[in-house]
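Work through these exercises with the model open beside you. Try each task before you read its solution.

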Amino acid sequence: MNAPTVSPAVWIEHKKQGGIHAREDIHALVQAVMHGHMKDYQLAAWLMAVCWQGLNEEETFALTEAFVQSGSVLDFKAQGITGVIVDKHSTGGVGDKVTLILSPLLAACGVTVAKLSGRGLGITGGTVDKLEAIPGFKVERNEHEFFEQAKSIGLVLSSQTASLAPADGVFYALRDVTATVDNLSLIAASVVSKKIASGADVVVLDVKFGKGAFMKTQPDAEALARVCARIGERFGRKMHTLLSRMEAPLGRAIGHTVEVVEAIETLKGQGAPDVEALCLHLAAVSLVHAGLFTSEHEAHQHAQACLYDGKALAAFRDMIRAQGGDERVIEQPERMPQPQRIIPVFAEQSGYVAHIHALEVARAVKRMGGGRVNKTDALDLGVGVVLRKQVGDVVFPGDVLFELWASTHEADEARQQVLSAFTYSKLPIQAPPLYYDV
Ligand code: URA
């Protein structure tokens, strides 16, 4: 590609002033980024202008389209894969290990799951980073491997490849470290482009809202769900959306190794109630949309049976083996990266846990090395937090509130930050519903 006729500074200025980009300009901008004619610092400035001025729906569609066109679009039918391909995507949360559980669960229920996942974004962890806690696990699948694994075991989780919506990968990595994640249009283009490129027939989108999500309120999450659904439809793809609450962390573990451990426990039928409930609901919705069941109740029962009889765990094991990972982690989780110390932290007061501020917990994990500050940072996969008390639990002084999985880096500050994320009530707490169908 020749250098663009418009200089990147003109696009930045235009958006900074609240201008609307033409479709061709958005395509040219994405191309300029991909060919090195628009530098990281210029893209970061444009992203920040978008955060302030927004993109309208036409611009958001154009950005999605440009991301999709930066790579290829998978066609499973052309590869002779005739079953329904299901993909679930979350807009990101704290302790959100649902993909690690739901994907093998759906595969065990008889649908093919072929999914592109992301790395950590902002304060939220990424599935791909979590999978890298499994020694040897190859997160990068080329197109051939992606299809072959979908065909052979019906389950593949891959990072963004050079060929599938690669432009989103570039924008995503920069958004992560420039505080430009929480914009509705940027999220919608990022999520929907990956879903279009990876060619799934059924897409279930879990849009999170609350303190630990990018959308802080339910109306904002509803707006994001609607935009994603409308853009998906313009590509001829139906997106089924669900809203879920992300005020407190989901489940007990926040980090990388610790979340894989919790996912394995859930696949053994020993998960935290909130994680299991969300996974079973998403499984039921996905199975109905995939046409395997007409009743959500029956689909839920089937999914529950596949979780409790070990089929979902077996599918997870097959996936680890197929992607070159060490499947012994299922029995020996200590084979995954470990922290230098596991520090139990005790309650100093009694009461019912009223709230655990997800964002503060996520920040604590990040400051211990569990999140990126710069694009090229390596993560400390062994650090994290394991909650021993969740919202609604009763607590007495001296009870273990949480474990801090720490390497020496900022452990004291992290401990204090998580402690202050807890608030208490004298009266029992009724937790609000975890999810809402849209
Ligand atoms: N998930 C994505 O894939 N992209 C975003 O921007 C946010 C969540």
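Two elements are in contact when they have heavy atoms within 4.5 Å of each other. Angles run from 0 to 180 degrees between N-to-C directions. Keep both in mind for Exercise 2. The model is predicted.

**Exercise 1. The sheet**

Task: find the order of the strands in the open sheet of four strands, and name its edge strands.

Solution.
- Step 1. Recall how a sheet is held together. Strands pair through backbone hydrogen bonds, either parallel or antiparallel.
- Step 2. Read off the order. It is E6-E9-E11-E7, and the pairing is antiparallel.
- Step 3. Look for strands that pair on one side only. These are strand E6 (253-255) and strand E7 (341-346), the edge strands.
- Step 4. Check the twist. From one strand to the next it averages 15°.
- Step 5. Zoom in on one pair. E6 and strand E9 (residues 384-387) run antiparallel, joined by three bridges.
- Step 6. Pick out a facing pair of residues. Gly255 stands opposite Gly384 in E9.

**Exercise 2. Helices across the sheet**

Task: which strands do helix H11 and helix H15 lie across, and at what angles do they run?

Solution.
- Step 1. Take helix H11 (residues 257-267). It lies across E6, E9 and strand E11 (400-406).
- Step 2. Give its angle. H11 runs at about 145° to E6.
- Step 3. Take helix H15 (residues 358-370). It lies across E6, E9 and E11.
- Step 4. Give the angle, and mind the reference strand. H15 runs at about 145° to E9.

**Exercise 3. The largest pocket**

Task: describe the space and the lining of the largest pocket.

Solution.
- Step 1. Start with the space. The pocket holds about 470 Å³.
- Step 2. Find the centre. Of the 21 lining residues, Ala248, Asp274, Val391, Ala431 and Leu434 are the closest to it.
- Step 3. Ask which elements contribute. Helix H12 (273-289) and strand E8 (351-356) each supply at least two lining residues. The largest share, three residues, comes from E8.
- Step 4. Sort by class. The lining has 14 nonpolar, four polar and three charged residues.

**Exercise 4. The second largest pocket**

Task: repeat the description for the second largest pocket.

Solution.
- Step 1. State the volume. It is about 390 Å³.
- Step 2. Find the centre. Of the 17 lining residues, the closest are Arg119, Gln160, Gly169, Tyr172 and Ala173.
- Step 3. Name the main contributor. Helix H8 (residues 166-176) gives the largest share, six residues.
- Step 4. Sort by class. This lining has five nonpolar, seven polar and five charged residues.

Methods
Residues are numbered from 1 along each chain as its sequence is written. This is a predicted model: local features need pLDDT of at least 70, side-chain atom pairs count only at pLDDT 80 or more; totals for chains, interfaces and linings use all residues. Side-chain values use heavy atoms; hydrogens and water are left out. Two strands pair if DSSP finds at least two bridges between them. On a 1 Å grid over the protein atoms alone, a cavity is a set of points where a 1.4 Å probe fits but cannot get out, and a pocket is an open set with protein on both sides within 12 Å along at least five of seven lines; lining residues have an atom within 4 Å of a point. Grid points are joined across faces, edges and corners, and a volume is the space filled by probe spheres set on the points. Ala, Val, Leu, Ile, Met, Phe, Trp, Tyr, Cys and Pro count as nonpolar, Asp, Glu, Lys and Arg as charged, and the others, Gly among them, as polar.
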